[in-house]
Amino acid sequence: MSSPTKTSSPTTVITNIASLVTNDPSLGWGSPRSSKFESGGSSPLGLIQDAAVVIDGDRVAWTGESSKAPATDNRVDAGGRAVIPGFVDSHSHLVFAGDRTQEFNARMSGRAYSAGGIRTTVAATRAASDEELERNLTRYLREALRQGTTTMETKSGYGLTVEDETRALRIAAHHTDEVTYLGAHIVSPDYTDDPAAYVALVTGDMLNACAPYARWIDVFCEKGAFDGDQARAILTAGKAKGLHPRVHANQLSYGPGVQLAVELDAASADHCTHLTDADIDALANSATVATLLPGAEFSTRAEWPNARRLLDAGATVALSTDCNPGSSFTSSVPFCIALAVRDMRMTPDEALWSATAGGAAALRRTDIGHLTPGAYADLAFLDAPSHVHLAYRPGVPLVSEVWRRGVREV
Ligand code: NIG
Ligand code: FE
């Protein structure tokens with residue numbers, strides 16, 4: 001391969017990588033399509049053994065065998081560790097205050113999870129100062145970064161007034177480009193007797209105030225939250241304002257969420273715990289990614305989404321944390337990978353692909369989630385010879401170094 005083009009930014013080569021995950025389709029399969037995952041022993045990950053990566057400024061400039069790496073300004077020895085693309089966590093709820101330890105405790109003694117618990121966090125979030133909300137957000141973003149997450153989407157949804165939703169998004173937009181307006185998390189407790197008036201607020205004044213800070217609009221389409229017609233009205237209003245839809249769909253029960261997501265070309269239908277064959281077909285024949293959030297099933301003791309059915313049908317699957325204080329208080333993508341492999345029957349390769357390239361697809365991004373020339377140099381080093389150890393050694397802090405945009409941050 002030819003040397004990277006010389007520009008004014010310094011070039012760095014990382015050598016002595018035992019196993020490099022590129023997600024490069026030309027080196028293996030970058031496509032998520034199941035037939036490719038299934039054919040014996042091959043990998044979607046574009047793996048290179050004894051590899052090197054060249055970084056030019058904030059981008060990947062070259063990948064290949066260590067012995068063939070071109071000359072650069074700087075040299076870093078990976079010492080036989082594995083290197084993977086930074087995780088792309090496409091679903092979290094990090095602008096909140098308070099915690100819900102008691103609710104979790106009660107659940108672990110047998111109580112069921114319901115959407116109503118969100119109200120507890122709404123009250124705590126409304127009472128918090130901007131500084132407290134920002135401190136919380138940055139704490140969890142940093143916690144995730146230490147575990148290898150270099151891109152994190154996050155949502156509003158614990159304010160549910162024009163002012164509180166706007167400030168949540170304003171604070172979030174200081175720290176990530178992937179910001180989602182979720183005024184339709186539940187009907188605000190101030191509108192319990194008049195849900196239609198709340199939908200009018202979410203699609204009217206609240207949307208107008210929030211749209212400048214967000215890229216996405218989301219709805220919790222579920223019993224106890226918003227039905228299909230309400231969700232359609234909310235997402236359609238958001239689209240008209242330039243926000244792109246994503247949907248909390250089919251989490252606690254069967255319902256219209258997934259079909260609505262596909263109908264509106266949502267980037268992602270998230271949770272997908274209760275799917276009919278028609279839901280799976282719809283996802284498989286669309287550009288809508290099925291984002292699975294096993295931290296939520298773990299923390300609510302719910303049944304696992306059927307990842308195999310989705311993959312075997314040819315749907316694109318992403319894996320994310322859903323980090324939030326109610327249903328999934330983990331910022332750890334490695335933990336979710338271990339759950340996906342052990343309990344959702346994804347292979348270690350499928351799980352890693354879904355947590356990197358799959359997350360990027362769920363955010364409709366082509367510049368992250370893979371390590372090929374031109375992509376952002378977002379990567380994580382593992383204290384392990386390969387990415388398989390993420391599931392093989394669950395709970396062990398294997399991420400030992402994290403680079404974002406070509407700069408070491410952990
Ligand atoms: O994705 N399902 C809706 N929202 C969150 C839970 C929020 C909460 O319980 O506070 C979720 O699981
Ligand atoms: Fe969620």
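**An annotated domain, a ligand shell and a strand trio**

An unreviewed UniProt entry carries the annotation "domain: Amidohydrolase-related", which covers residues 269-387. The structure discussed here is a predicted model. In this model, the span 269-387 is 40% helix and 12% strand, and its end C-alpha atoms lie 27 Å apart.

Turning to the ligand, 14 residues surround ligand 1. Those that come nearest are Ile118, Phe220, Asn324, Gly326 and Ser327. Sorted by class, the shell around ligand 1 consists of nine polar residues, four nonpolar residues and one charged residue.

Strand β2 offers a good place to look at the sheet pairing. This strand takes in residues 47-56, and it is mostly covered, with eight of its 10 residues buried. Strand β2 has pairing partners in β1 and in β3. With β1, residues 11-21, the pairing is antiparallel and runs over eight bridges; here Val13 has Val54 of β2 as its bridge partner. With β3, residues 59-65, β2 again pairs in the antiparallel sense, this time over six bridges. Within this part of the model, Asp56 stands opposite Arg59 of β3. The hairpin formed by β2 and β3 has two residues between the strands, and Gly57 in this hairpin takes a positive phi near 65°. As a general point for readers following the side chains, those of a regular strand alternate between the two faces of the sheet.

Positive phi values also turn up at two arginines, and these deserve a friendly second glance. Arg364 has a phi of about 50°, which is positive although this residue is not a glycine. Its place in the chain is the loop between α14 (348-362) and β15 (379-382). Is Arg364 buried or exposed? Neither label fits, because Arg364 has 15 C-beta neighbours inside 10 Å and so counts as partly exposed; a buried residue would need 20 or more, and an exposed one 12 or fewer.

Arg405 is the other case: its phi is near 50°, again a positive value in a residue other than glycine. This arginine is found in the loop between β16 (399-404) and β17 (407-408). Arg405 has 14 C-beta neighbours inside 10 Å and therefore counts as partly exposed.

Methods:
Residues are numbered from 1 along each chain as its sequence is written. Chains are lettered from A and ligands numbered from 1 in the order in which they are written. This is a predicted model: local features need pLDDT of at least 70, side-chain atom pairs count only at pLDDT 80 or more; totals for chains, interfaces and linings use all residues. UniProt positions are given in the numbering used here, feature names are shortened, and annotations may be inferred rather than shown by experiment. Helices (H or I, at least four residues) and strands (E, at least two) are DSSP runs, numbered from the N terminus. A residue is near a molecule or strand if its C-beta atom, placed from the backbone, lies within 6 Å of it. Ala, Val, Leu, Ile, Met, Phe, Trp, Tyr, Cys and Pro count as nonpolar, Asp, Glu, Lys and Arg as charged, and the others, Gly among them, as polar. Two strands pair if DSSP finds at least two bridges between them.
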